[in-house]
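Let's take a tour of a protein model together. Have the sequence and the 3D view open while you read.

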Amino acid sequence: MSQPNIAHGDDRGRGFVPDLRRTLNNRRALRSAALSALTWVVALIAAVPLFSVLYMLIVEGGARFGLDLFTELPPAGFEMGGGFGNAIVGTLVMVSIAAAISVPVGILGAAYLSELHPDHKLAAVSRFLAKVLTGFPSILAGVFAYAAVVVLMGTYSALAGGIALSVLMLPTVVLTAEESMKMVPQRMKDAAHGMGCTRSQVIWKVVLPTALPGILTGVMLAVAGAAGESAPLLFTALFSNYWLQSIHEPTASLSILIYNFSGMPFENQIELAWAASLVLVMIVLFFNILSRLIGRPKV
Amino acid sequence: MAPNPFAAAVDAGSISGPPAAYDYLSDRVFRILAYAGAGAVVVLVAYIVWEIGGQAAPAVAKYGIGFLTSTTWDVGNEKFGILPQIWGTLYSSLLALLIGGFFGLFVAIFLTQGFLPPKLAIVFRTIVELLAAIPSVVYGLWGIYVVIPALRPIADWLHETLGFIPFFSTSLSGPGLMPAALVLAIMILPTVAAISQDALHLVPFKVKEAAYGMGTTRWEAILKVFLPTASRGIFGSMVLGFGRALGETMALAMLIGNANQITLSLFSPANTLASLLASNFPEAGAVEIRALMYAAIALLAITLIVNVVGLFVMTVAVKKQ
């Protein structure tokens, strides 16, 4: 054998084999190791805010946590105690209105984009505008709903708030539903067509049931996002210190309560703002985690 | 009822039949509804532009282009200008992009280049995604009670020792640009990280093999091969992150101080278009509302342009790879 036998550590071969290990004496290796260390530090710092927020919520919000938060109304200036039951109801009602508008429209639109005419010009434009809308400033949804609903009806209302939120939910629902309908294997659709199904029967009986987990994931994500929104509600739903009587009157929401109370000089209100943040984050995370559980690929 | 074209296609002796009249009809109705659903997105965007534009039209006619370049917001004298807000919007978003983009890109590299075992990487990815789930208003509250107090000693020290630099020319008296930009950076980090990760995942495996096969170190491969290959997608992520920052409202309304001034100082209060809308709209009278609608259309124009550019870059990036 002309090659030195490396495997057995033959002394005669040593001089011919370059040492392929990199030690930190090597400048290139040192630079790489330093950058890797920096990456670790940067990535760990990036995780700090989430834990800091959660810590503050649990400590500050948890201190005030109790049943009266859910059953009582927001206190006025110097009053002690109180809760935000009406704001929780308001948030849930407005998110429900938004979902009732955006989910059917979004799924129908997605069916068109993914199944009926994926290459149609309308589909291309619609898909592009939906993507543009995902980056749409939430405050402008509020401005829009103010101009389109509040001015028209002459009053701030839960309905206007719900419509503003639906503008923000719609693109998420459309895009995720389209994505999950596209994932349905073509052979299943072909089989259904071959059985003599009409195209809407294929969509209703094959595509939608198969894509349901993915669609629900998108819906839950959109709901989680909408529940946390505050800018669109500022001048559409406004705020109210009383229980919700009808969807045609100003309505309280958790996020607006946090915004209003955070700037107040009263200890009690600030504690309530933290407690409301804790409740709001729990609602948002509930839907967010639900969406992850539904959408988890089944092995 | 619409005639069913399949009815004619029946063969007398066949066991197959055309769709029943009900099936045919429901198919038609469903298709029309789906068409309307897809059209709804287009109509909605057009309606938004038309509605906000229509409300802003009187102010646009009255104040003209000077609205964009004048600096006073005086309701009493009906003098309105949004240059400070435009400046504040761009400045705070740019600062946020510098910080959030840096962190987001490193997080994307951290998650795609084998720094963590796959299971831990999923946990860490979830943590970063949850950052995006925290509502803006909660970040605002957190910013007031955590970020500003934490930042104040650093800001004071910088102001005292390096006060001659314009960036540190004022002290942090509470709300200001820097806390706002920091919180904004946290909010756009998940966007940048997620899209950059997708771009880095798209780098073909054989390119990685080739790079490592040439004997590069991990970072030579990342800096000289992977990042340039994924650069379009990463650039797109930055543009979209910038777009998010421009339109972000509540956290800024709570943290930036709502002072209509043009300043370079990182620690002085400022204002943005979105937070001007949030803080003035609820109590505005008819005249001010028209001016605010003008500001809204300016914000709409800026964010639409940035988002369309970002999406365009992304589309090109995906096609090229």
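How many salt bridges does a search of the whole structure find over all chains? The count comes to eight. Keep in mind that this is a predicted model.

**Salt bridges in chain A**

Start with A:Glu271 and A:Arg64, whose side chains meet in a salt bridge at 3.2 Å, N to O. A:Glu271 sits in helix H10 (residues 267-295) of chain A, while A:Arg64 is in the loop between helix H1 (27-63) and helix H2 (68-71), so this pair ties together parts that are 207 residues apart in sequence. The two partners don't share the same level of cover: A:Glu271 is partly exposed at 31% relative accessibility, whereas A:Arg64 counts as buried at 15%.

Now hop over to A:Glu178, which forms a salt bridge with A:Arg127, with the closest N and O atoms 2.9 Å apart. A:Glu178 belongs to helix H6 of chain A and A:Arg127 to helix H4 (residues 121-134), so here the pair ties together parts 51 residues apart in sequence. Both A:Glu178 and A:Arg127 are buried, and for A:Glu178 the relative accessibility is 2%.

A:Glu178 has another partner too: A:Lys182 forms a salt bridge with A:Glu178, and the closest N and O atoms are 3.1 Å apart. A:Lys182 and A:Glu178 are four residues apart in helix H6 of chain A, so about one helical turn separates them. Unlike the buried A:Glu178, A:Lys182 is partly exposed, with a relative accessible area of 45%. Put the pieces together and A:Arg127, A:Glu178 and A:Lys182 are linked in a network of salt bridges.

Here are the pairs we just met, side by side:

| Salt bridge | Closest N to O |
|---|---|
| A:Glu271 and A:Arg64 | 3.2 Å |
| A:Glu178 and A:Arg127 | 2.9 Å |
| A:Lys182 and A:Glu178 | 3.1 Å |

**Zooming out on chain A**

What does the secondary structure of chain A come to? It's 10 helices and zero strands. The radius of gyration of chain A is 28 Å, well over the 19 Å that the globule rule gives for 299 residues, so chain A is more spread out than a compact globule. Along its principal axes, the C-alpha trace spans about 95 × 65 × 35 Å.

Even so, 51% of the 299 residues in chain A are buried. If you take the contacts in chain A with a separation of 6 or more, 71% of them are between residues 24 or more positions apart. The accessible surface of chain A is about 14200 Å², and 66% of that belongs to carbon and sulfur atoms. As for charge, chain A has 19 positive and 16 negative charges, and their mean positions are 18 Å apart.

**A buried alanine**

Back to helix H6 (residues 158-182) of chain A, where you'll find A:Ala158. Is A:Ala158 buried or exposed? A:Ala158 is buried, with a relative accessible area of 0%. Leaving aside neighbours within four places in sequence, A:Ala158 is in contact with A:Met94, A:Ile97, A:Ile247, A:Glu249 and A:Thr251. Also have a look at A:Leu238: A:Ala158 and A:Leu238 are 80 residues apart in sequence, and their C-alpha atoms are 8.6 Å apart in space.

**Over to chain B**

B:Lys208 has its place in helix H7 (residues 205-213) of chain B. B:Lys208 is buried yet has no salt bridge, as the nearest side chain of opposite charge, B:Glu209, is 11 Å away. Which residues is B:Lys208 in contact with, leaving aside neighbours within four places in sequence? They are B:Thr112, B:Gln113, B:Leu200, B:Val203 and B:Phe226.

Next, a look at backbone angles. B:Glu78 has a positive phi of about 55° although it's not a glycine. B:Glu78 is found in the loop between strand E1 (73-74) and strand E2 (79-80) of chain B, and is partly exposed, with a relative accessible area of 35%.

B:Asn258 has a positive phi as well, near 50°, and is a residue other than glycine. B:Asn258 lies in the loop between helix H10 (250-255) and helix H11 (273-280) of chain B. At 30% relative accessibility, B:Asn258 counts as partly exposed.

Terms used:
Residues are numbered from 1 along each chain as its sequence is written. Chains are lettered from A and ligands numbered from 1 in the order in which they are written. This is a predicted model: local features need pLDDT of at least 70, side-chain atom pairs count only at pLDDT 80 or more; totals for chains, interfaces and linings use all residues. Side-chain values use heavy atoms; hydrogens and water are left out. Helices (H or I, at least four residues) and strands (E, at least two) are DSSP runs, numbered from the N terminus. Buried means under 20% relative accessible area, exposed over 50%, partly exposed in between (1.4 Å probe, protein chains only). Lys and Arg count as positive and Asp and Glu as negative; His and the chain ends are not counted. A salt bridge is a side-chain nitrogen of Lys or Arg within 4 Å of a carboxyl oxygen of Asp or Glu. Contact means heavy atoms within 4.5 Å. The radius of gyration is taken over C-alpha atoms; the globule rule is 2.2 Å times the number of residues to the power 0.38. Accessible areas come from the Shrake-Rupley method with a 1.4 Å probe; for residues, only the protein chains shown count as cover. The place of a charge is taken as NZ of Lys, CZ of Arg, CG of Asp or CD of Glu.
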